[in-house]
Amino acid sequence: KMDVKDKFEGSWRLSKLNVEIDKDPGKDFLGVSDGLLEQIAKVLEFPVASFLPAEAFTVVRKSFDARKLLKTPKFVYTVDMDVDKLLTFEPRLWDFISEMEPKMGLVEHIPQEKAVGDLFSLLHDCKKDQEGTLTVDAGSNGSIPSYKPKVAVVGSGPAGLFAALVLGELGADVTLIERGQPVEQRGRDIGALVVRRIIQPESNFCFGEGGAGTWSDGKLVTRIGKNGDSVQAVLRTLVHFGAPKSILVDGKPHLGTDRLVPLLRSFRQHLQALDVSIKFGTRVDDLLVEGGTVKGVKVSDVTKNSLIYSQELSYDAVVLAVGHSARDVYQMLLSHNVELIPKDFAIGLRIEHPQQLINSIQYAALAAEVQGGRGKVPVADYKIANYLSGEDAESSYASASRGCYSFCMCPGGQVVLTSTNPSELCINGMSFSRRSSKWANSALVVTVSSKDFESLNFHGALAGVAFQKELEQRAAVMGGGNFVVPVQTVTDFLEERISDTCLPQSSYRLGVKASNLHELFPSHITKALQDSILMFEKELPGFISKEGLLHGVETRTSSPVQIPRNSATFESTSLKGLYPVGEGAGFAGGIVSAAVDGLYAGFAAAKNLGLITADV
Ligand code: FAD
């Protein structure tokens, strides 16, 4: 039995509070409704819900559960209860509180106020600690040493932005170098691509301020644990720069491009206020290396003649956060004998259905409540996976067991072009915050490894990159050029025949062409996709439909390469002073995990450069 006085310390977390749709104000409401109070009373075994003061409860997680097993879909809440507040508002609850005990999985007592991941408080504490240390070690006049280590952060995707933020806050002299354009110009370049087919090789869906995730769905879900302090620190920082607070509570948070663009602008303004120098339209072409240590970078101005406007810049450290589409950077690293290891990733196709169909499959009659993203329940998504044992495979390359799964599902979104040059074609998905388009798209991908790369005769550190490129070039040829995407209905893909002229509409803006997508991949990959699609139909009846259109090709699911680094210092194992971070280095997959990696790398570099003494 708990001591009564302990019950007043910390907080109480109540989980698995299920509120039925008709008793909930809807997906956008994050307060405490009467329906939720009823459930709180039930879990607490308190007889009169109306006695419970709503002010004593805070919603910390809300998600929508529409699994097929459930008779009625519902909202599922996690709520924190403040006992002091509870008694302030309703002193008659004293007797009840004194009897209350934790209940496994439903009512948990958190003895101390849980530390929430607030990056700015952490940075503030680090700076305070360091002021003390520096004053003790200071020179003859007792002042803090004035030398600021010079750091180049290459790439302004989530990894680079968070590394630059941490290093800038901790007093480094940071230059953020980005080959692409700021969001304002990038938006115009993407507009020209979508409307007039003009691709800017350095300013597109992959390159530019905010990195690959700017014109995206902005899903903030991550496999690295949403409740961890580092993930919370990233989410809270995004809120600081303008993201809605709901991302801290939503079970499946997402932003959408329209929210990402202003957020990035405010992130940039903060960095500039910290004296971080930002060089857009500037590409790092080479590293300056002396005696196994990086001494700087060679850059060119990509808006001008890069042969003429090329210069060498000296730095004490270089954070390399270039993402996985910067294939030229991998090649450059090899020229310095930096170790690169081929890494497994996944390839496949992007399937698109009418959103209405996915809503009906997932919600049945409740689909009417979606109302194009403005209704009570969220626009429906799905997550499907199939494990293929490889036992009945025909060739030795096919015998590996592998997974096939949906990836980067974009409800109410559109299919977009993510190639960076016209001879290659690859795609991904994006959406706006409302997710109100009439389409639902998702990649269906199969895991591939070195054995698959060898099957097409690609070997060595960049075999995976060559494999990706080969498939992207095949897709470009199949589409007939001009960024036209090869497509096939899902039924025809299964029956291995070209789709007739009456194709379903696609959200892809640059045109589609009926093609034999079943011939795009090595045959065992096609078979893996076909077998898995048949399985997915069992889970989502209606998934195999004439209205389901497969688009080719999805290749850049994660990095095909890893750049090994020391796990404590984050420095490359090949070159001192080089910090490979984020998705391109093979240490992240997605916006949040890349940001978390950049954040840790920033602290590690700050420590190595003497800006802080403690490990973070
Ligand atoms: P990136 O974001 O790729 O950033 C790298 C930056 O480095 C780029 O801006 C690039 O221009 C710059 N750069 C490259 N080479 C150089 C050089 N030589 N010199 C200077 N600068 C250079 N993830 C999610 O979690 N949720 C989603 O909903 C989601 N949707 C996506 C939709 C699309 C269309 C795409 C393309 C990706 C999506 N992703 C999504 C993946 C996500 O964007 C990436 O995982 C994430 O951006 C990786 O972050 P990063 O900082 O490691 O690299």
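The exchange below asks how some labels on this predicted model are justified.

Me: What makes a local feature or a side-chain atom pair count here?
Reply: This is a predicted model, in which local features need pLDDT of at least 70, side-chain atom pairs count only at pLDDT 80 or more, and totals for chains, interfaces and linings use all residues. Residues are numbered from 1 along each chain as its sequence is written.

Me: Why is Asn 337 called exposed?
Reply: A residue is exposed if 12 or fewer other C-beta atoms lie within 10 Å of its own, buried if 20 or more do, and partly exposed in between; C-beta atoms are placed from the backbone. Asn 337 has 11 C-beta neighbours inside 10 Å, so it counts as exposed. Asn 337 sits in the loop between α9 (327-335) and β12 (341-342). Its phi is near 60°, a positive value in a residue other than glycine.

Me: What makes Gln 371 partly exposed?
Reply: Gln 371 has 13 C-beta neighbours inside 10 Å, so it counts as partly exposed. Gln 371 is in the loop between α10 (355-363) and β14 (385-388). Phi of Gln 371 is near 45°, again positive in a residue other than glycine.

Me: Why are β2 and β4 placed at the edges of their sheet?
Reply: Strands (E, at least two residues) and helices (H or I, at least four) are DSSP runs, numbered from the N terminus. Two strands pair if DSSP finds at least two bridges between them. The open sheet has 4 strands in the order β2-β3-β1-β4, with antiparallel pairing. β2 (57-65) and β4 (107-110) each have a single partner strand, so one side of each is left without a neighbour in the sheet.

Me: How do you know that β2 pairs with β3?
Reply: The definition asks for at least two bridges. Here 8 bridges join β2 to β3 (residues 74-81), and the two run antiparallel. In β3, Tyr 77 is the bridge partner of Lys 62.

Me: Why is the ligand said to lie between two domains?
Reply: Domain bounds come from an automatic or database domain assignment. Domain 2 (153-311 + 321-339 + 560-608) and domain 3 (344-554) both give residues to the shell, so the ligand lies between them.

Me: What makes a residue near the ligand, and which come nearest?
Reply: A residue is near a molecule or strand if its C-beta atom, placed from the backbone, lies within 6 Å of it. Of the 44 residues around the ligand, Gly 155, Gly 157, Gly 211, Gly 323 and Gly 582 come nearest.
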